[in-house]
Amino acid sequence: MPNLTPVTTDTAPGAAGHYSQGMIAGQTLYISGQLPVLPDRSPLADMSFEAQAEQAIANMLAILTAAGGTTQNLARVTAYIVGVENWPRFNAVYARMLPDARPARTVVPVPELHYGYLVEIDAVALLDAAHG
Amino acid sequence: MPNLTPVTTDTAPGAAGHYSQGMIAGQTLYISGQLPVLPDRSPLADMSFEAQAEQAIANMLAILTAAGGTTQNLARVTAYIVGVENWPRFNAVYARMLPDARPARTVVPVPELHYGYLVEIDAVALLDAAHG
Amino acid sequence: MPNLTPVTTDTAPGAAGHYSQGMIAGQTLYISGQLPVLPDRSPLADMSFEAQAEQAIANMLAILTAAGGTTQNLARVTAYIVGVENWPRFNAVYARMLPDARPARTVVPVPELHYGYLVEIDAVALLDAAHG
């Protein structure tokens with residue numbers, strides 16, 4: 001049997017399509033792209049870039065926590081942002097929310113995102129070895 | 001010696017540049033970006049979004065199969081689409097073709113793709129442990 | 001303790017924000033998005049596409065080397081390029097710089113990159129098992 005386990009948590013918005021919030025493959029956790037949506041699925045498209053970044057990062061961290069990880073387990077984060085001029089704002093919010101971790105990161109400018117959002121975040125983490 | 005093995009199959013289009021269709025690194029399979037191209041390299045750029053999505057997903061799944069995996073092994077899928085308004089169409093085709101698996105997923109809107117294509121798919125899978 | 005180790009080297013440009021140049025998670029190395037910047041952080045935005053591609057790839061390879069890897073360890077490369085018409089130029093520079101390796105690859109067209117750059121590269125590698 002493949003050693004993969006989906007992650008499901010109501011501390012982050014439920015999947016809006018045919019995917020899991022996260023998938024644990026062996027010890028590696030893959031977190032789906034997270035948008036600026038509240039866990040109850042209220043959209044934040046009218047909010048500032050900073051508020052959107054904060055919520056998208058919070059959703060990513062909630063799935064990480066649900067899988068048993070902390071920011072110390074993050075290996076890579078990819079951020080998709082509308083408007084490369086938002087890069088410094090993204091970096092500032094991100095540094096504040098992950099003060100003790102500096103995973104590898106790529107910031108990818110995109111022309112648009114679903115529903116007019118300005119930022120989407122996905123991530124890869126290496127979870128601690130299972131305790132016996 | 002590094003424990004990496006390229007995947008080559010004629011059930012998916014051959015690589016059009018300097019890359020392998022897939023690369024197995026340990027137990028992890030990385031599948032290269034797949035476009036809506038037939039295995040004989042006939043392009044489908046004039047086809048509907050749905051037909052393009054179906055072929056790109058089929059190519060990804062063919063490489064997965066060639067590496068010994070099934071959809072149960074998929075950990076993450078990233079879909080690059082032109083026109084975020086195509087998101088529901090992408091999700092519908094994808095759900096139909098992967099009925100029993102919900103890997104982590106990110107859908108990334110892009111301004112354009114090679115040759116005017118509308119969708120490109122890449123993926124990561126955790127293969128089953130090698131049999132002794 | 002999580003089994004993650006950041007990679008830091010002065011043979012590639014230092015991180016411009018809240019991230020590490022690379023992160024080793026178990027045996028897997030994740031390399032952050034690399035832009036056409038010299039190790040001393042001089043920008044190359046005014047250079048040709050080819051010169052930019054060469055520097056971004058060189059930075060990625062420098063971080064790979066600093067982590068103890070070679071191109072034989074590369075599992076996946078993702079290239080973000082401005083202008084899909086630059087695909088053949090990217091492929092030519094890349095093939096010249098990685099003559100003996102063909103990792104899985106996705107080339108993602110983007111509308112723009114930071115500071116007007118035309119190309120950004122990130123990568124995943126499987127490092128050799130630690131020697132005892």
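**View 1. The helices and strands of chain A.** In this predicted model, chain A has 2 helices and 6 strands (DSSP runs, numbered from the N terminus: H or I of at least four residues for helices, E of at least two for strands). Read from the N terminus, the order is β-β-β-α-β-α-β-β. Residues count from 1 along each chain as its sequence is written, chains are lettered from A and ligands numbered from 1 in the order in which they are written. Local features here need pLDDT of at least 70 and side-chain atom pairs pLDDT 80 or more, while totals for chains, interfaces and linings take in all residues.

**View 2. The inside of chain A.** Of its 132 residues, 54% are buried (20 or more other C-beta atoms within 10 Å of the residue's own, with C-beta atoms placed from the backbone). The C-alpha trace spans about 45 × 30 × 20 Å along its principal axes.

**View 3. Where chain B meets chain C.** Here 23 residues of chain B are in contact with 24 of chain C (C-beta atoms, placed from the backbone, within 7 Å). On the chain B side, strand 1 (4-7), strand 2 (22-25) and strand 3 (28-34) each give two or more residues. Strand 3 of chain B gives the most, with 4 residues.

**View 4. Chain B laid over chain C.** A rotation of 120° with 0.0 Å of shift along its axis does the job, with an RMSD of 0.0 Å (least squares on C-alpha atoms of residues with pLDDT of at least 70 in both). That's how a three-fold axis relates copies. The copies use different surfaces, as 9% of the contact residues of chain B recur in chain C.

Technical notes
Contact = placed C-beta atoms within 7 Å. Buried ≥ 20, exposed ≤ 12 C-beta atoms within 10 Å, placed from the backbone.
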